[in-house]
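Trainee: Please take me closely through the nonpolar core of this model. Then add the other local features worth checking.

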Amino acid sequence: MAAPVYASDPGAAPDSEFEPGELRHLVVGNRGRLLDPRRTPIVVTATLPNTGEFEVRIEAFEDAGARWRLPLDDVARFQFDRGGRSGEGDAVAELASAAARFGGELTVECDCAERERTLSRIAHERASLRERLDHVRPDPVRHVDAREGDPGLYALVEELMAERDLDDLERRFSTTFVSNPASGEFIKGHAIVLAELGLCPFRGKVVRDQALFEGAGTKKRRAEHIVVRMAFVHELFRNETLVLYRGAAVDGLLPAAAPASFTSATFSRRVADEHFAGGPSTRTAVLWRQRVPAGRLFMTFLETREMSRRFKEAEAVLIGDPENRAF
């Protein structure tokens, strides 16, 4: 029998030994669990009222040691040990005030003319990459069983990004996305620029980090990274249509799909099946399969080194499509 795609703890304590996460649980050192099917254990490492966030350290499984910075409202996605400490009145009030301050909605709509200019830029970049990729023919089937990409393609992407002085953005985007796209605001910065390029509207929370578009993360550099990255993967796959999968399992009823600028799917039915399998408290599970045009790709595990390190999910990151009910 093949080994499971994801690590888990068959001896994990029942939910009855925990209580639903509230702001009062956000005390450094408190232990809890993410409300995912395998109940990933975490410890609170910081509270950040100035940006409306808290930080946790992942304590087990593939991402052990990773630190996630999350919006304060996300505390409801965790459960905490019943014996943990409870925050004091003033500290909890400060967190509640910060959560309200950063809870506003931000919408950035797409402009059709800007979209056409962006697609023209991508086409121009594709043409400049054609000779470099002319003899490269990706074969996802050969890599899906191992759920590992192609070292030769890793090298091509890294070479290109270094030439364009975009390697820092490439590393940070791929590393963050693989661990947790919602950690911090870096992926949000790309999502906002994606909307300004006309490729996918942004619907989310207001910016918490006022320096988000300063320094190495300017909108101009982010836009160039998006265009060059899309040009590479589109030329790599030419005009193929790809069969991709997604799986989901939740403890209650399936919620309405949240708006997403970048959507994760997988080339591997086996990976999707493990998401579909859920855990002991799963009530609803869904498995999707869809033929997706290569023009929606942003990056895949085939050419992205970070997607074959800790997590081996044969992943494809797609540009969001608000009209697509599957992904």
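Mentor: What follows starts with the core and then moves to single residues, cysteines and a pocket.

The model is predicted, so local features need pLDDT of at least 70 and side-chain atom pairs count only at pLDDT 80 or more, while totals for chains, interfaces and linings use all residues. Residues are numbered from 1 along each chain as its sequence is written, and side-chain values use heavy atoms, with hydrogens and water left out.

Terms for the core come next. A nonpolar core is a set of buried Ala, Val, Leu, Ile, Met, Phe, Trp, Tyr and Cys residues joined through side-chain atoms within 4.5 Å. Buried means under 20% relative accessible area, exposed over 50%, and partly exposed in between (1.4 Å probe, protein chains only). In soluble globular proteins, nonpolar side chains tend to be buried together.

The largest nonpolar core holds 61 residues. Phe237, Leu244, Phe262, Phe267 and Phe298 have the most contacts inside it. Helix H7 (residues 219-237) supplies the largest share of this core, 10 residues. Helices (H or I, at least four residues) and strands (E, at least two) are DSSP runs, numbered from the N terminus. A second, separate core has 18 residues, among them Leu26, Phe54, Val56 and Phe80.

Now look at Phe262. Contact means heavy atoms within 4.5 Å. Beyond its neighbours within four places in sequence, Phe262 is in contact with residues including Phe173, Phe177, Ile187, His190, Leu194 and Phe298. Val317, Leu318, Ile319 and Gly320 are also among its contacts.

Thr118 lies in helix H2 (residues 112-133). Its relative accessible area is 0%, so Thr118 is buried. Not counting residues up to four places away in sequence, Thr118 touches Leu197, Leu199 and Val227. Leu197 also figures in a distance: Glu163 and Leu197 are 34 residues apart in sequence and 23 Å apart in space, C-alpha to C-alpha. Glu163 belongs to helix H4 (residues 151-163). At 47% relative accessibility, Glu163 is partly exposed.

Two backbone angles deserve a check. Ala314 is not a glycine, yet its phi is positive, near 45°. Ala314 sits in the loop between strand S12 (297-300) and strand S13 (315-319). Ala314 counts as buried because its relative accessibility is 0%. Arg39, also not a glycine, has a positive phi of about 55°. The loop between strand S2 (31-34) and strand S3 (41-48) holds Arg39. At 7% relative accessibility, Arg39 counts as buried.

Next, the cysteines. A disulfide is a pair of cysteine sulfur atoms within 2.5 Å. The count is 0 disulfides. For Cys110, the nearest cysteine sulfur is that of Cys200, 6.1 Å away. Cys110 is partly exposed, at 31% relative accessibility. For Cys112, the closest cysteine sulfur is in Cys110 at 8.3 Å, too far for a bond. Cys112 is exposed, at 63% relative accessibility.

Last, the second largest pocket. A 1 Å grid is laid over the protein atoms alone; a pocket is an open set of points where a 1.4 Å probe fits, with protein on both sides within 12 Å along at least five of seven lines, and lining residues have an atom within 4 Å of a point. Of its 30 lining residues, Arg172, Thr176, Ser183, Gly184 and Phe186 are closest to its centre. Helix H5 (167-179) and strand S5 (67-71) each supply at least two lining residues. H5 gives the most, with 7 residues.
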